[in-house]
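Hi,

Here is the structure I promised to pass on. Have a look at it first, and my notes follow below.

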Amino acid sequence: MELPREYNAAVDLVGRNSGRGSKAAFIDDVGTCTYAQLAERVDRAASALLSLGIKREERVAIAMLDSCDWPALFLGAIKAGIVPVALNTLLTPSDYEYQLKDSRSRAVFVSEPLLKNFAGLKCPDLEHVVSNVKEFISSGAPKAEAAPTLRDDMCFWLYSSGSTGAPKGTVHLHSHLILTAELYAKGVLGMRESDVIFSAAKLFFAYGLGNSMTFPMAVGATAVLMAERPTPDAVFKRLTEKKPTLFFGVP
């Protein structure tokens, strides 16, 4: 698969679903976000991030439970040329301080139940801690211009588990998201537009990010998101209520 040199991953993933405006892109614990609503919220997130004075290739961290706000903010940052850093929601305050300092994140977006883990952190580059993410996204303008990024530009970071020492910030490029979708989701799994996908692995994992966001968006499918931890009871509830056609367990 050959991508154009001038390429923005968020523009591609959102734009390829422009004809599916009324279809559900994500279903979370409180409601549904259609592809049309997602496109507007991605633009609003991009505008709101730029209004904070955050510049291209600067980092912002996301420590949020899975909901429709997560992909809107993540893709909004990418559209603006800002680099989102997806943080594990099960870390300790010292872990968060290390990763925020290491990534030099200018802002961190935190779900309310996790906010206590970010009190009193000493991170010299961190200027904004945002807990009302839905309100923050809504504050942005409904249209945003995409940053003129390239396929080999830095797109997002994920941190390793730290099993061999301190966690490492792994840099992913704009081309990586769609290539994994084309080669694995389409080529191996045969994922289709009619599928409903549920992943026990969360969005902050590379595996969950593909399962719950990149893969379904690449084909125009629907993803079910769950904020709570994937206990057997919680997973069984989603499988029986949402009836996904594809289920990804924890590897």
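What percentage of the 251 residues of the protein chain count as buried? The figure is 51%. Bear in mind that this is a predicted model.

On the overall fold: the protein chain has 8 helices and 11 strands. Its radius of gyration is 17 Å, close to the 18 Å that the globule rule gives for 251 residues, so the chain is as compact as a globular protein of that length. Along the principal axes, the C-alpha atoms fill a box of roughly 45 × 45 × 35 Å.

I also looked at how the contacts are spread along the sequence. Taking those between residues at least 6 apart in the protein chain, 71% join residues at least 24 apart.

Now the surface and the charges. The accessible surface of the protein chain is about 11200 Å², and carbon and sulfur atoms account for 55% of that. As for charged side chains, there are 27 positive and 27 negative ones, with the centres of the two sets 1 Å apart.

One residue I'd pull up on screen is Arg 238, which sits in helix H8 (residues 232-242). Arg 238 has a relative accessible area of 8%, and because the cut-off for buried is under 20%, this arginine counts as buried. Leaving aside residues up to four places away in sequence, Arg 238 touches Asp 29, Phe 198, Val 224, Met 226, Glu 228, Lys 243 and Pro 244. Two acidic residues are on that list, Asp 29 and Glu 228.

Cheers

Methods. Residues are numbered from 1 along each chain as its sequence is written. This is a predicted model: local features need pLDDT of at least 70, side-chain atom pairs count only at pLDDT 80 or more; totals for chains, interfaces and linings use all residues. Side-chain values use heavy atoms; hydrogens and water are left out. Helices (H or I, at least four residues) and strands (E, at least two) are DSSP runs, numbered from the N terminus. The radius of gyration is taken over C-alpha atoms; the globule rule is 2.2 Å times the number of residues to the power 0.38. Buried means under 20% relative accessible area, exposed over 50%, partly exposed in between (1.4 Å probe, protein chains only). Contact means heavy atoms within 4.5 Å. Accessible areas come from the Shrake-Rupley method with a 1.4 Å probe; for residues, only the protein chains shown count as cover. Lys and Arg count as positive and Asp and Glu as negative; His and the chain ends are not counted. The place of a charge is taken as NZ of Lys, CZ of Arg, CG of Asp or CD of Glu.
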